[in-house]
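Me: I've got a model open and I'd like to learn how to read it feature by feature. Can you walk me through it?

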Amino acid sequence: MFRSFRRIGALGVSAVAAGAFCAVAAVPASAADGFEFTVYAKEVPGDQSGEATGPPPELGDSFAFADDLFRTKGGDRIGRDGVACTVVRAGDPSDVLCVGTFVFDGGPGGQVTGQTMLTVDPGQEEVSAFDIAVTGGTGDFKDARGTIRSTPDGDYSRLEFHIGK
């Protein structure tokens, strides 16, 4: 169950949430309109081993995770993200608030921030697709607004960025 909480963020956001972005298939509608692109996130192993066991998460419990971001599954690494999540409603189901930052280097480059609150069913093995609100950005993503759609995709999460200004 804890694994499913960690998989949320990609940004779960949860990440929410890149390294050499210049090769990403970022398709600006126009410089004034923003960006539309897809990346694949794969969780970076932390200091935890295997499935977490124990009591269910309680109000205030938190966790963090990081992903490497790729243009394609198994392709070139184009960046990274970092996500922090906190249980804001414990029970069955639980609500988890996640905030994350996606870092893109290259052209376009900068950071995109996002957040989401997810309802998590403790019996559910994997989190369903969800949307992350884009709350801002830096560099080429300055004043960014929009959404990021996170969809589980095997060992990866597919992140579809829809960013306007």
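**Reading the strands and their links**

Reply: Sure, and keep in mind that this is a predicted model. Let's begin with a turn: the hairpin of E2 and E3 has six residues between its strands, and there Gly 74 takes a positive phi near 75°.

Me: Which residue other than glycine has a positive phi?

Reply: That's Asp 143, with phi near 65°. Asp 143 sits in the loop between strand E6 (130-137) and strand E7 (145-153). Its relative accessibility is 52%, so Asp 143 counts as exposed, the cut-off being over 50%.

Me: Back to E2 and E3. In which sense do they run, and how many bridges join them?

Reply: E2 and E3 run antiparallel, joined by nine bridges. For one pair to click on, take Phe 63, whose bridge partner in E3 is Cys 85.

Me: What about E1 and E2: how many bridges are there?

Reply: Four bridges, again in the antiparallel sense, between strand E1 (residues 35-43) and strand E2 (residues 62-70). Look for Tyr 40, which stands opposite Phe 70 in E2.

Me: And how do I read a disulfide? Which cysteines does it join?

Reply: Start with the sulfur atoms, then ask what the link connects. The structure holds one disulfide, and it joins Cys 85 to Cys 98, with S to S at 2.1 Å. Cys 85 lies in strand E3 (residues 77-89) and Cys 98 in strand E4, so the pair ties together parts that are 13 residues apart in sequence.

Me: Is that link right-handed or left-handed, and are its cysteines buried or exposed?

Reply: The link of Cys 85 and Cys 98 is right-handed, with 115° about the S-S bond. Both Cys 85 and Cys 98 are buried.

Me: Now the neighbour of Cys 98. Where does Val 99 lie, and how do I think about side chains along a strand?

Reply: The general idea is that side chains in a regular strand alternate between the two faces of the sheet. Here, Val 99 lies in strand E4 (residues 94-104). Val 99 counts as partly exposed because its relative accessibility is 42%, whereas Cys 98 is buried.

Me: Which residues make a nonpolar surface patch with Val 99?

Reply: Leu 59, Val 88, Leu 97 and Met 117 join Val 99 in a nonpolar surface patch of about 440 Å².

Me: One last backbone feature: which peptide bond is cis?

Reply: Check omega: the bond from Asp 92 to Pro 93 is cis, with omega near 10°. You'll find Pro 93 in the loop between E3 and E4.

Note on methods: Residues numbered from 1 in each chain as written. Predicted model: local features only at pLDDT ≥ 70, side-chain atom pairs only at ≥ 80, totals over all residues. Heavy atoms only, no water. Patch = residues over 30% accessible without salt bridge, like charges linked within 9 Å, V, L, I, M, F, W, Y side chains within 5 Å. Areas by Shrake-Rupley, 256 points an atom, 1.4 Å probe, with all protein chains shown as cover. Salt bridge = Lys/Arg side-chain N within 4 Å of Asp/Glu carboxyl O. Helix = DSSP H or I, 4+ residues; strand = E, 2+ residues; numbered from the N terminus. Buried < 20%, exposed > 50% of the residue type's maximum accessible area, 1.4 Å probe, protein only. Disulfide = S-S within 2.5 Å. Pairing = 2+ DSSP bridges.
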